[in-house]
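Here's a walk through a protein model, written for someone who likes to know the cut-offs behind each term. Strands come up front, then salt bridges, pockets and a couple of odd backbone angles.

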Amino acid sequence: MKRFSLTLFSFYLLFVGFNSFGQSKIKNEPNEFVRLSMNLIATVKNKADYQKYVNEYKALPLDELANSLDTDNKTKAFWINTYNAYVQILLTEDPSLFEDRGAFFKGDLINVGGELLSLDFIEHGIIRGSVVKLSMGFIKDPFASKLEKQFRVEETDGRIHFAVNCGATSCPYVAVYSAYELDKELDQITKQFLQRTTEYDESEDEVYVTTLFSWFKGDFSDRGGVIGYLIKYDCIPKDADPDVNYKEYDWTLELGNFTELE
């Protein structure tokens, strides 16, 4: 009987943990559209039926959505959650999409308010603020669409690169992001990712870092570039200035890498 009770208790703890991913944050988020995005990613993580939220996305009133996402933090929270959720949904339903990654990221596969959007549009057009994908973060897109201008952030935030998950092994882990605590959450996920992936060799005065720093170099000027980020997030000593080496990115498909933030 005692063993049976312990088994039931263990199952209860597992069930509670399984269903608690981001729930307290969701309840505390004032913005209804950010709450929708949080519910979608939490439901995907919990492997529950997300179709209800997918249908709500299709019916979103775009003008009302744009007016409601009236700060960069609201915009980033909504669209990061949306991006991460749909990467998991699309690649779980059809892993073969990842065989041609270029087509996958460019494809108009996500229905938001009746508009079919691509992952590239969401990441580079909205979350990064119309920064050209292959410009290393230094060129704004002069031909941004009306829809892109309606939703995009005002200021590019390098930390988003450690929050957006593209489905590959080297990608950051997926979390639930709120608007009301986004700065804290982005600092946490950035520190978590950089401390997990950075290798500092003090004797050789070298550091090995994610190649995201190389691909989107211009986006990281907000915090002093690579070295500034590594110092801020306690990856190297404050007086260090090592040579920077970029690690090879592992594009192996790997879904379900979730993490919880405080």
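## The strands

β3 and β4 form a hairpin with four residues between them, and D205 in the turn has a positive phi of about 55°. Helices and strands here are DSSP runs (H or I over at least four residues for a helix, E over at least two for a strand), numbered from the N terminus. This is a predicted model, where local features need pLDDT of at least 70 and side-chain atom pairs count only at pLDDT 80 or more, while totals for chains, interfaces and linings use all residues. Residues are numbered from 1 along each chain as its sequence is written, and side-chain values use heavy atoms, with hydrogens and water left out.

Back to the hairpin: β3 (residues 199–201) pairs with β4 in the antiparallel sense over three bridges, where pairing takes at least two DSSP bridges between the strands. D201 has E206 in β4 as its bridge partner. β4 also runs parallel to β5 (residues 243–246), joined by four bridges, and there V209 stands opposite Y246.

What do the side chains do along β4 (residues 206–209)? They alternate: V207 and V209 point to one face and are buried, whereas E206 and Y208 point to the other and are not. Buried means under 20% relative accessible area, exposed means over 50%, and partly exposed is in between (1.4 Å probe, protein chains only). That's the textbook habit, since in a regular strand the side chains alternate between the two faces of the sheet.

## Salt bridges

The count comes to 14 salt bridges, taking one as a side-chain nitrogen of Lys or Arg within 4 Å of a carboxyl oxygen of Asp or Glu. One of them starts from β3: E199 in that strand pairs with K247 in the segment after β5, so the contact ties together parts that are 48 residues apart in sequence. The closest N and O atoms of K247 and E199 are 3.0 Å apart. K247 is partly exposed at 25% relative accessible area, and E199 is partly exposed too, at 47%.

D183 and R159 also meet in a salt bridge, at 2.7 Å from N to O. D183 is in helix α10 (residues 182–197) and R159 in the loop between α9 and α10, so this pair ties together parts that are 24 residues apart in sequence. R159 counts as buried at 2% relative accessibility, while D183 is partly exposed at 39%. Both belong to a network of salt bridges that links K76, D157, R159, D183, D187, D222 and R223.

For a local example, take K52 and E56: both lie in helix α4 (residues 51–58), four residues apart, or about one turn of the helix. Their closest N and O atoms are 3.2 Å apart. K52 is exposed at 52%, and E56 is partly exposed at 33%.

## Pockets

A pocket here is an open set of points on a 1 Å grid over the protein atoms alone, with protein on both sides within 12 Å along at least five of seven lines; lining residues have an atom within 4 Å of a point, and the probe is 1.4 Å. Grid points are joined across faces, edges and corners, and a volume is the space filled by probe spheres set on the points.

The largest pocket has a volume of about 450 Å³. Its lining has 23 residues, with H124, K133, W215, F216 and W251 nearest the centre. α7 (101–106), α8 and α11 (212–215) are the elements that give two or more residues to that lining, and α7 gives the most, with four. By class, the lining has 13 nonpolar, five polar and five charged residues. Here Ala, Val, Leu, Ile, Met, Phe, Trp, Tyr, Cys and Pro count as nonpolar, Asp, Glu, Lys and Arg as charged, and the others, Gly among them, as polar.

The second largest pocket comes in at about 230 Å³. Among its 13 lining residues, V44, K45, K47, Q88 and T92 lie nearest the centre. α3 (32–45) and α6 (72–93) each supply at least two residues of the lining, which has seven nonpolar, four polar and two charged residues.

## Two odd phi angles

S130 has a positive phi of about 60° although it is not a glycine. S130 sits in the loop between α8 (119–127) and α9 (146–151) and counts as buried, at 2% relative accessibility.

M136 also has a positive phi of about 60° without being a glycine, and its place is in the loop between α8 and α9. Is M136 buried or partly exposed? Partly exposed, with a relative accessible area of 34%.
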